[in-house]
Amino acid sequence: MPSPASPTTRRAPRAAGDAAVPASAWGPTAAAHAERADALTAVWRDARDRGEAHAIEDFLFTYYPTRVSHLRRWHPGAGVVLADAAEHAGWRWYREVALPGGGTGATLDADAFLADRGDTVRYVRALVGATASRPGTFGCFGLHEWAMVYRDRAAGRDHRHPLPLRLGHEGTDAVVESHRIGCSHFDAFRFFTPEARERNQLRPTRERQPAMEQPGCLHATMDLYKWAQKLGPAVPGDLLLDSFELARDVRYTDMAAAPYDVSAYGVEAVPIETPDGKAEYVRRQRAFAERGQGLRARLLDVCDALLPPAP
């Protein structure tokens, strides 16, 4: 199961008008952010410290290039000036500013960030906005994970995870063959076995990703964390950790509904080969989609705060 609920989120403090936020306000927020990051990564760090792999959570630190130190680092987001923030002033894409009453503060240098990452901001804005505008599709039942190991034994391949297959190789293949596969997410589809690719009714590509992503997709929801990472210090700390927490929660369901036996991690399977399992998967899928749409709106606000107004 995922680690216990993280501490309560603190929104970035903001001063009235153009005033700087005093350290007495933003300091506790930054400390609470680091505490929450530690809680969210506790399970993975414990496994790492024991020298063990974690077949569920490792994905969050390998597929997504996560560093705990980056998760612990709090940013207020664009347009916020922090008083007495010498450490922030030394970070990339920050600049030091003189405060009206004397002293100095630090704030995100949005112009410098856009000069370096403008294409990324525009791409994230377009992709996330397009995905948010579409209705979710709820009927894939997580079969992308099954398609990644389809006919592995028959082809003499090793399957993707060291975990055993819950239904064995033949049982796993039978589930794939008895279902319609309609995966819209390119970064899942590209890991399908050659035999499974022909069974997918869609043909997602990298170029068509903005046109095909939809909010019901578990991997598109997990990728909100990737987009928050790519927006760097422009993303307020609470939004970064909310995105990571959702990706972590989705990952547990993604693996629970996969063909692997995850019982060693205290996780109960979502048996999508049964009617009850399908119903449970869709219930979770809808709840994740709702959370994801809220994060998409917040990521769009970040992009819009950085980009010049459209003509």
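Visitor: Let's start with the lining of the largest pocket: how do its residues divide by class?
Guide: Bear in mind that this is a predicted model, where local features need pLDDT of at least 70, side-chain atom pairs count only at pLDDT 80 or more, and totals for chains, interfaces and linings use all residues. Residues are numbered from 1 along each chain as its sequence is written, and side-chain values use heavy atoms, with hydrogens and water left out. Counting Ala, Val, Leu, Ile, Met, Phe, Trp, Tyr, Cys and Pro as nonpolar, Asp, Glu, Lys and Arg as charged, and the others, Gly among them, as polar, the lining has 9 nonpolar, 6 polar and 6 charged residues.

Visitor: How much space lies in that largest pocket?
Guide: A pocket here is an open set of points on a 1 Å grid over the protein atoms alone, where a 1.4 Å probe fits, with protein on both sides within 12 Å along at least five of seven lines. The volume is the space filled by probe spheres set on those points, joined across faces, edges and corners. For the largest pocket that comes to about 560 Å³.

Visitor: Which residues are closest to the centre of the largest pocket?
Guide: The largest pocket is lined by 21 residues, meaning those with an atom within 4 Å of a point. Closest to the centre are His70, His75, Gln229, Gly232 and Pro233.

Visitor: And which element gives the largest share of that lining?
Guide: Three helices (DSSP runs of H or I, at least four residues, numbered from the N terminus) give two or more residues each: H4 (68-72), H13 and H14. The largest share, 5 residues, comes from H13.

Visitor: What about the second largest pocket: which residues are closest to its centre?
Guide: About 280 Å³ of space lies in this one. Of its 18 lining residues, the closest to the centre are Cys140, Gly182, Cys183, Ser184 and Gln214.

Visitor: Which helices each supply at least two residues of the second largest pocket's lining?
Guide: By class, this lining divides into 8 nonpolar, 9 polar and 1 charged. The helices you're after are H7 (143-147) and H13.

Visitor: H13 again! How do H13 and H14 run relative to each other?
Guide: H13 covers residues 218-230 and H14 covers residues 237-256; they pack at an angle of about 150°, with axes 8 Å apart. Axes are lines fitted to C-alpha atoms over the stretch in contact, and angles run from 0 to 180 degrees between N-to-C directions. Roughly antiparallel takes an angle over 145 degrees, and therefore the pair is roughly antiparallel.

Visitor: How do the residues of that H13 contact with H14 divide by class?
Guide: On the H13 side, the contact (heavy atoms within 4.5 Å) includes Leu218, Met222, Leu224, Tyr225 and Ala228. H14 answers with, among others, Leu240, Phe244, Leu246, Ala247 and Val250, plus Arg251 and Asp254. The split is 10 nonpolar, 5 polar and 2 charged.

Visitor: H14 also packs on H15; how many of the residues in that contact are charged?
Guide: H14 and H15 (residues 275-306) pack at about 160°, with axes 11 Å apart, and are therefore roughly antiparallel too. The contact includes Asp238, Asp242, Glu245 and Asp249 of H14, and Arg284, Arg291 and Arg298 of H15. Alongside 8 nonpolar and 3 polar residues, the charged ones number 7.

How values were computed: Angles under 35 degrees count as roughly parallel, over 145 as roughly antiparallel, 65 to 115 as roughly perpendicular and the rest as oblique.
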